[in-house]
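Student: Before we look at the model, could you walk me through how its pockets, cavities and ligand surroundings are assigned?

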Amino acid sequence: MIQSLQQLCDFLQLNPQDLAIDTAPHFPLKVPEHFAGLMEKGNPDDPLLKQVLPLQQETETQPGFKRDPVGDLNANPIPSLIHKYHGRALLMTSPRCDVHCRYCFRRHFPYEQVQKNHWQSALHYLADHTNIEEVILSGGDPFTLSEPALCELIQQLEALPHLTTLRLHSRSPIVAPEKAAKPRLLQTLKQSRLQVVLVVHCNHPNELCPASAKLMQTYRDAGLTLLNQTVLLKDINDNVETLTQLSKKLFHQGILPYYCHLLDKVSGAAHFEVKKYQAWSLYTQLRQQLPGYLVPQFVEEIAGEPYKTVLTEPTQMDNA
Ligand SMILES: *Cc1c(COP(=O)(O)O)cnc(C)c1O
Ligand code: SF4
């Protein structure tokens with residue numbers, strides 16, 4: 001795990017003086033060595049590097065960019081559980097991620113609140129709300145928990161008769177595939193009465209490699225449905241070639257594109273924003289280049305809305 005700028009620059013043969021870096025970021029630098037190994041040496045503009053490098057720009061305030069852009073703090077009926085959408089509830093399973101993505105909408109989230117001892121109150125809430133069919137284990141990243149802890153949680157969820165589906169949201173299989181190979185967890189999921197969906201998070205075709213392909217095969221052998229979510233990021237994946245390659249490469253590894261998210265307007269991430277009219281143009285170009293099942297839904301999360309809003313053609317009124 002790389003957690004210092006010097007270490008990262010040494011590894012990539014870069015001079016920190018050449019980069020406009022925030023040397024003491026509030027959200028610290030964190031990159032697994034595997035992920036750094038997929039970056040091009042000596043290239044300060046590498047699309048994977050840009051996702052993890054803390055820049056001075058993050059400290060600038062920008063109008064419209066907030067600390068809690070998606071209204072999660074108002075949707076917490078109990079600590080660690082977010083019940084915003086019909087039939088689905090999201091459980092924040094871990095206070096950690098294997099990587100710190102600079103654009104993360106949870107970069108200011110009070111993760112101290114996410115404690116294992118909150119699971120009991122979350123489980124009581126789920127038991128009381130029989131209209132919830134699907135539980136999403138999300139982040140931080142559930143794969144950063146120990147296998148026994150994760151398996152125990154899954155078994156407790158299986159005991160709730162109204163649940164039909166278990167979903168895991170994780171970036172670990174992409175950024176740290178060796179850590180994400182969890183035989184005991186896979187055994188538990190394979191035997192589970194619940195339908196299991198794993199949504200990985202991959203933004204660029206360079207993030208997929210032989211190690212991720214091998215890992216995805218083990219997930220498929222365990223009967224998991226594999227989907228991907230992407231965040232549309234300026235100068236990283238905001239062009240049709242990259243997104244086309246990403247969809248094709250995901251499919252080659254057995255993963256279907258699910259969502260392409262417009263950036264959540266979290267303070268510190270303004271330099272990643274892709275405007276709506278550009279996003280719409282990318283979407284229509286992808287529709288022309290790819291079969292429908294390889295085109296993700298372009299969505300944005302608007303606080304207070306009952307589902308993620310699908311992007312429609314922007315009008316001039318949108319000031320997009
Ligand atoms: C994104 C999200 C979900 C899942 O939404 P889907 O459209 O089903 O993928 C559920 N709960 C919360 C709080 C979310 O942010
Ligand atoms: S893995 Fe997901 S939750 Fe974790 S820092 Fe990256 S975007 Fe945020």
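Tutor: Let us begin with the residue classes: Ala, Val, Leu, Ile, Met, Phe, Trp, Tyr, Cys and Pro count as nonpolar, Asp, Glu, Lys and Arg as charged, and the others, Gly among them, as polar. Please keep in mind throughout that this is a predicted model.

Student: How do you know which classes make up the lining of the largest cavity?

Tutor: The lining consists of Asn228, Thr230, Leu243, Leu246, Ser247, Leu250, Pro257, Tyr259, Cys260, Leu286 and Pro296. Sorted by that rule, they give eight nonpolar, three polar and no charged residues.

Student: Which elements give two or more residues to that lining?

Tutor: They are strand S6 (225-231), helix H10 (240-252) and S7, and H10 supplies the largest share, with four residues.

Student: What makes a space a cavity here?

Tutor: A 1.4 Å probe must fit at its points but be unable to get out, whereas a pocket is an open set. With a threshold of 30 Å³ or more, two cavities are counted, and the largest cavity holds about 70 Å³ of space.

Student: Where does ligand 1 sit?

Tutor: The space taken by ligand 1 is the largest pocket, and a molecule is assigned to a pocket if more than half of its atoms lie within 2 Å of the grid points. The space taken by ligand 2 is likewise the largest pocket.

Student: What is the volume of the largest pocket, and what lines it?

Tutor: Its volume is about 1100 Å³. The lining has 49 residues, and Phe105, Arg106, Ser138, His169 and Gln229 lie nearest the centre of the pocket. Two or more residues of this lining come from each of S1, S2, strand S3 (134-138), strand S4 (165-170), strand S5 (195-201), S6 and S7. By class, the lining of the largest pocket divides into 25 nonpolar, 11 polar and 13 charged residues.

Student: Why is Tyr258 called a polar contact of ligand 1?

Tutor: The cut-off for a pair of N or O atoms is 3.5 Å. An N or O atom in the side chain of Tyr258 is 2.6 Å from an oxygen atom of ligand 1, so the pair satisfies that cut-off. Tyr259 also has a side-chain N or O atom 2.6 Å from an oxygen atom of ligand 1, while for Glu301 the distance from a polar side-chain atom to a ligand oxygen is 3.5 Å. Taken alone, ligand 1 exposes 390 Å², and the protein buries 92% of that.

Student: Which residues form the shell around ligand 1?

Tutor: With a limit of 4 Å between heavy atoms, the shell is Ile82, Lys84, Tyr85, Arg88, Leu90, Ile136, Arg167, Tyr258, Tyr259, Glu301 and Lys308. These divide into six nonpolar, no polar and five charged residues, and S1 gives the most, with three residues.

Student: What makes up the shell around ligand 2?

Tutor: The residues around ligand 2 are Cys97, Val99, Cys101, Cys104, Arg171 and His201. Because Cys is classed as nonpolar by the rule above, the shell around ligand 2 comes out as four nonpolar, one polar and one charged residues.

Student: Which backbone features should I look at?

Tutor: Glycine 139 and glycine 140 are joined by a cis peptide bond, with omega about -20°, and glycine 140 is in the loop between S3 and helix H5 (147-158). Glutamine 13, although not a glycine, has a positive phi of about 55°, and this residue is in the loop between helix H1 (5-12) and helix H2 (33-37).

How values were computed: Residues numbered from 1 in each chain as written. Chains lettered and ligands numbered in written order. Predicted model: local features only at pLDDT ≥ 70, side-chain atom pairs only at ≥ 80, totals over all residues. Heavy atoms only, no water. Polar contact = N/O pair within 3.5 Å; in protein donor to acceptor, adjacent residues only side chain to side chain. Areas by Shrake-Rupley, 256 points an atom, 1.4 Å probe, with all protein chains shown as cover. 1 Å grid on protein atoms, 1.4 Å probe; cavity = no way out; pocket = protein on both sides within 12 Å on 5 of 7 lines; lining within 4 Å. Points joined across faces, edges and corners; volume = space filled by probe spheres on them.
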